[in-house]
Amino acid sequence: MESGSRPSLGQFILLGTSSMVTAVLYSIYRQKAQVAQELKGAKKIHLGEDLKGILSEAPGKCVPYAVIEGAVRSVKETLNSQFVENCKGVIQRLTLQEHKMVWNRTTHLWCVFSRLSTGW
């Protein structure tokens with residue numbers, strides 16, 4: 001742009017597009033940062049505790065984020081890692097995925113939220 005001249009329509013379009021992309025990326029960043037903060041405050045539960053009692057006392061009978069600590073036993077055989085030597089693991093059998101539709105007043109769109117939970 002030369003000194004004293006007005007910006008062109010193309011420059012306004014590029015500025016607007018750049019601003020929208022920046023706003024979308026910042027919004028995504030804020031959402032991910034909020035989830036990271038919630039994960040830091042996850043409730044720690046030991047396997048020996050009464051897990052059903054803890055869930056029944058929780059609001060909505062759901063603990064959004066939790067760390068379950070303890071030793072597990074495999075029902076059949078353990079899985080051996082192909083990448084780490086002497087690393088074994090088990091697979092939990094029951095996994096439930098819940099979907100929730102929420103109306104977003106700002107964008108006037110339905111948003112789908114998924115949550116994985118496991119049965120005991």
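Helices, as the word is used here, are DSSP runs of H or I with at least four residues, and strands are DSSP runs of E with at least two. Counted in this way, the protein, which is a predicted model, has two helices and six strands. Read from the N terminus on, these elements follow the order α-β-α-β-β-β-β-β.

**Overall burial, contacts and surface**

- Of the 120 residues in the protein, 6% are buried, a class that requires a relative accessible area under 20%.
- Among the contacts in the protein with a separation of 6 or more, 24% are accounted for by residues that stand 24 or more positions apart.
- The protein exposes about 11200 Å², and carbon and sulfur atoms supply 59% of that area.

**The annotated span in the first part of the chain**

- The UniProt record, an unreviewed entry, carries the annotation "transmembrane region" for residues 12-29, and such annotations may be inferred rather than shown by experiment.
- In the model, residues 12-29 are 100% helix and 0% strand, and the C-alpha atoms at the two ends of this span lie 26 Å apart.

**A nonpolar patch**

- Leu9, Phe12, Ile13 and Leu15 together make a nonpolar surface patch of about 460 Å².
- Leu15, one of the residues in this patch, lies in helix H1 and is exposed, because its relative accessible area of 55% is over the 50% cut-off.

**Aromatic pairs**

- A search of the whole structure for aromatic pairs returns two of them.
- In one pair, the ring centres of Tyr26 and Tyr29 are 6.2 Å apart and the ring planes meet at 35°, so the pair is classed as tilted, given that planes under 30 degrees apart would count as stacked and those over 60 as edge-to-face.
- Both Tyr26 and Tyr29 belong to helix H1, which covers residues 9-40, and they are three residues apart, or about one turn of the helix.
- Tyr26 has a relative accessible area of 48% and is therefore partly exposed, whereas Tyr29, with a relative accessible area of 52%, is exposed.
- In the pair formed by Trp103 and Trp110, the ring centres lie 5.3 Å apart and the planes are at 65°, so the arrangement is edge-to-face.
- Trp103 is partly exposed, with a relative accessible area of 40%, while Trp110 counts as exposed because its relative accessibility is 53%.

Conventions
Residues numbered from 1 in each chain as written. Predicted model: local features only at pLDDT ≥ 70, side-chain atom pairs only at ≥ 80, totals over all residues. Heavy atoms only, no water. Phe/Tyr/Trp six-rings, centres within 6.5 Å; stacked < 30°, edge-to-face > 60°. Buried < 20%, exposed > 50% of the residue type's maximum accessible area, 1.4 Å probe, protein only. Patch = residues over 30% accessible without salt bridge, like charges linked within 9 Å, V, L, I, M, F, W, Y side chains within 5 Å. Areas by Shrake-Rupley, 256 points an atom, 1.4 Å probe, with all protein chains shown as cover. Salt bridge = Lys/Arg side-chain N within 4 Å of Asp/Glu carboxyl O. Contact = heavy atoms within 4.5 Å.
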